[in-house]
Amino acid sequence: METLMEEEEYNWKEVKLPPLIPIVPEPELERETGERRRGRDIIIAVDHGPNSKHAFHWAITHLCRLADTVHLVHAVSSLKNQIVYDTTEVLMEKLAVEALEVAMVKSKARIVEGDAGKAICKEAERLKPAAVVLGTRGRSLMQSVLQGSVSEYCFHNCKTAPVIIVPGKEAGEESVL
């Protein structure tokens, strides 16, 4: 797998999501205008694991509000692998529908090529989001030190937005939704 250099461009593909447009009522209160009304951009890093889904549920339940835009980001080693791309596209479509149904937020999706931590930080640089939300893999401290951790990398290297690391749910624990 080729690593992503800080100065170099990176490859990505937008995922065409079904046209889901939330119906946003007019603001009832004066304080609901301005930035709060325009909404924020929130990056949620997703993969096919249960802890990623748990972090997604946590973000749309506890962080997202009406008029926000959720940017789903998934990093892959190669965009040329059509099977991985198709599987990820289906996952992102499901998550976009769920985000609309649960939190009434718009979704955009992007599959990026390269090292996951660097690609997520690059997306954060590009979007300047209100937050970057990630799950953990549930590794022990020793495994994280030896193998590296995407969430730890993003925590130390994302300079444009706060990074929220949602702990993985323990075996048998219910998701927030």
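At the start of helix 3 in this predicted model, a side-chain oxygen of Asn81 comes to within 3.2 Å of the backbone nitrogen of Ile83. At the other end, the helix is followed by Met104, which has a positive phi near 55°.

Helix 3 buries Tyr85, Thr88, Glu89, Leu91, Met92, Leu95, Ala96, Glu98, Ala99, Leu100 and Ala103. An α-helix has 3.6 residues a turn, so residues three or four places apart point the same way. The cover over the buried residues of helix 3 includes strand 1, helix 2, strand 3 and strand 4.

Helix 2 (residues 50-62) lies across strand 2 (41-45), strand 3, strand 5 (131-135) and strand 6, and its axis runs at about 145° to strand 5. Its buried residues are Asn51, Ser52, His54, Ala55, Phe56, His57, Ala59 and Ile60. They pack against strand 2, strand 3, helix 3 (82-103), strand 5 and strand 6.

The end-to-end spans of the two helices, C-alpha to C-alpha, are set against the values expected at 1.5 Å a residue.

| Helix | Residues | Span | Expected span |
|---|---|---|---|
| Helix 2 | 13 residues | 18 Å | 18 Å |
| Helix 3 | 22 residues | 31 Å | 32 Å |

For helix 2 the span agrees with the expected value, and for helix 3 it is close to it.

The sheet is open and is formed by six strands in the order 1-4-3-2-5-6, with mixed pairing. Strand 1 (12-15) and strand 6 (163-166) are at the edges; each has a single partner strand, so one side of each has no neighbour in the sheet. From one strand to the next, the twist averages 25°.

Strands of a sheet pair through backbone hydrogen bonds, either parallel or antiparallel. Strand 3 (residues 69-76) and strand 4 (residues 106-113) pair in the parallel sense, over eight bridges. In this part of the sheet, Val70 stands opposite Ser107 of strand 4.

Ile164 belongs to strand 6. Its relative accessible area is 23%, and the residue is therefore partly exposed, since buried means under 20%. Ile164 and Val133 are 31 residues apart in sequence, yet their C-alpha atoms are 4.8 Å apart in space. Apart from neighbours within four places in sequence, Ile164 is in contact with Trp58, Leu63, Ala131, Val132, Val133 and Leu134.

Definitions and conventions:
Residues are numbered from 1 along each chain as its sequence is written. This is a predicted model: local features need pLDDT of at least 70, side-chain atom pairs count only at pLDDT 80 or more; totals for chains, interfaces and linings use all residues. Side-chain values use heavy atoms; hydrogens and water are left out. Two strands pair if DSSP finds at least two bridges between them. Helices (H or I, at least four residues) and strands (E, at least two) are DSSP runs, numbered from the N terminus. Axes are lines fitted to C-alpha atoms, for helices over the stretch in contact, and angles run from 0 to 180 degrees between N-to-C directions. Contact means heavy atoms within 4.5 Å. The expected span of a helix is 1.5 Å times one less than its number of residues. Buried means under 20% relative accessible area, exposed over 50%, partly exposed in between (1.4 Å probe, protein chains only). A polar contact is a pair of N or O atoms within 3.5 Å; within protein, one must be able to donate a hydrogen and the other to accept it, and residues adjacent in sequence count only if both atoms are side-chain atoms.
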